[in-house]
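The following paragraphs consider how charged side chains and cysteines are arranged in one protein model. The reader may wish to keep the sequence and the structure in view throughout.

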Amino acid sequence: MSKTSSPADWQAATKLVRGGLERTPYGEICEALFLTQAYAYDSAEQAERSFTGEEDHYVYSRYGNPTVTMFENRLALLEGAEHCIGLASGMAAAFCALACQVKAGDRVVAATALFGACYHIIANILPNWGVTVEFVDGTDLGAWERALSTPAKAVFLETPSNPTLDIIDIRAVADLAHKAGAKLVVDNVFATPLLQKPLALGADIVTYSATKHIDGQGRTLGGAVLSNDAHFMEKQLTPFYRNTGPSLSPFNAWILLKGMETLELRVLRQCDNALDIARFLEGRGEVSRVMYPGLDSHPQKDLAMAQMSGRGGTVVSFEVKGGREAAFKTINALGIIDIANNLGDVKSLITHPATTTHQRLKPEERAAMGISDSLVRLSVGIEDVRDLTADLAQALA
Ligand SMILES: *Cc1c(COP(=O)(O)O)cnc(C)c1O
């Protein structure tokens, strides 16, 4: 009998270090990396039982792998989800979560402010397959209500949104989605699995790009889909990913396991730095607007604090007076902060959304999303915040 509490009762930091750990008889401290494609059976009978499902035995790493399972179990424990499937990237996760459940004639409703590739899947790929799609302003509950007065199969949103950091009320949209007969899928990358628990707020499915905070150290792509809906996970998502092949590599799963060990340390430090930087930017004359859910000036601060464990997240967006020219000048003058379009990294990274991540949108689409030419997105890292503010101060000046 174990004297310790059950893993589900552990605090987040303990779950992140010890959750899902399965040791081999060698007793290794570090999670084992099982670089294997296939698995040997003791007998033809065992192989048969493994394929019928009578016996729990790995059959092929496109289906499952012990290192990938450790990653899935650790993330499921943190999320408070019964099921987790690790996939090759965040886009594999978002795509599989939608494509496995929709068919021609179905309807999908989504927030307009989405990660570019998620927007592309919903706006351009699903309609080719006969799926009807409708986009709404995610912050406008009346718009959700109107769109969801017609039955739908799935609802997709991201909060805080990229790059303007608008907040969507997950619980309110979940209620409307369920009344319309739809499952709510939340892309929880910006909030991180540490700060925001969409399933507890009524969402049905959560997707991650593990490439971001979960690795957090710029090394590997990865993704995951989590849910408490056994039918969705076992009958829809599992056959879809197993037969289409976007499986997570065991090597990448191993890196993500190591990343998770420090997720809380990193994300809390990043949030502290981000709040300091947002306040610093608000006091600068060269900056016309700062967007950060932890600031009193954020129109949805109360909702953000309630939904995101009292933290504003790791990304700060701001507008530099003087349009694109001034924004580029500031970015180019930085000495510590790197110019890169990734986020969630221990290194602070800055990008100009209008000319990079959101470049392919039409100018009027960008305008509707609040992405001006003066807008800059800063993913705040774990460096000493004094060095970061000094870097920003000299670049703005
Ligand atoms: C990065 C990102 C994705 C895509 O993840 P990849 O790992 O790059 O495929 C999806 N959604 C959001 C919000 C992201 O930031």
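Which side chain meets that of Lys 301 in a salt bridge? In this predicted model, the partner is Asp 296, with an N to O distance of 2.8 Å. Lys 301 counts as partly exposed, because its relative accessibility is 22%, whereas Asp 296 is exposed at 67%.

This pair belongs to a wider set, for the structure holds 14 salt bridges. Side chains of opposite charge can pair when their charged atoms come close. Another of these contacts joins Lys 103 to Asp 106, whose closest N and O atoms are 3.5 Å apart. Here Lys 103 is exposed, with 51% relative accessibility, while Asp 106 is buried, with 11%.

A further salt bridge connects Glu 31 and Lys 258, with 2.7 Å between the closest N and O atoms. This contact links distant parts of the chain: Glu 31 lies in the loop between α1 (12–18) and α2 (44–52), and Lys 258 lies in helix α10 (residues 250–261), 227 residues apart. Both Glu 31 and Lys 258 are buried. The two residues also take part in a network of salt bridges that includes Arg 74 and Glu 261.

The cysteines remain to be considered. A search of the whole structure finds 0 disulfides. For Cys 118, the closest cysteine sulfur is that of Cys 96; it is 12 Å away and therefore too far for a bond, given that a disulfide requires sulfur atoms within 2.5 Å. Cys 118 is buried, with a relative accessible area of 3%, and Cys 271 is likewise buried, at 3%.

Methods
Residues numbered from 1 in each chain as written. Predicted model: local features only at pLDDT ≥ 70, side-chain atom pairs only at ≥ 80, totals over all residues. Heavy atoms only, no water. Buried < 20%, exposed > 50% of the residue type's maximum accessible area, 1.4 Å probe, protein only. Salt bridge = Lys/Arg side-chain N within 4 Å of Asp/Glu carboxyl O. Helix = DSSP H or I, 4+ residues; strand = E, 2+ residues; numbered from the N terminus.
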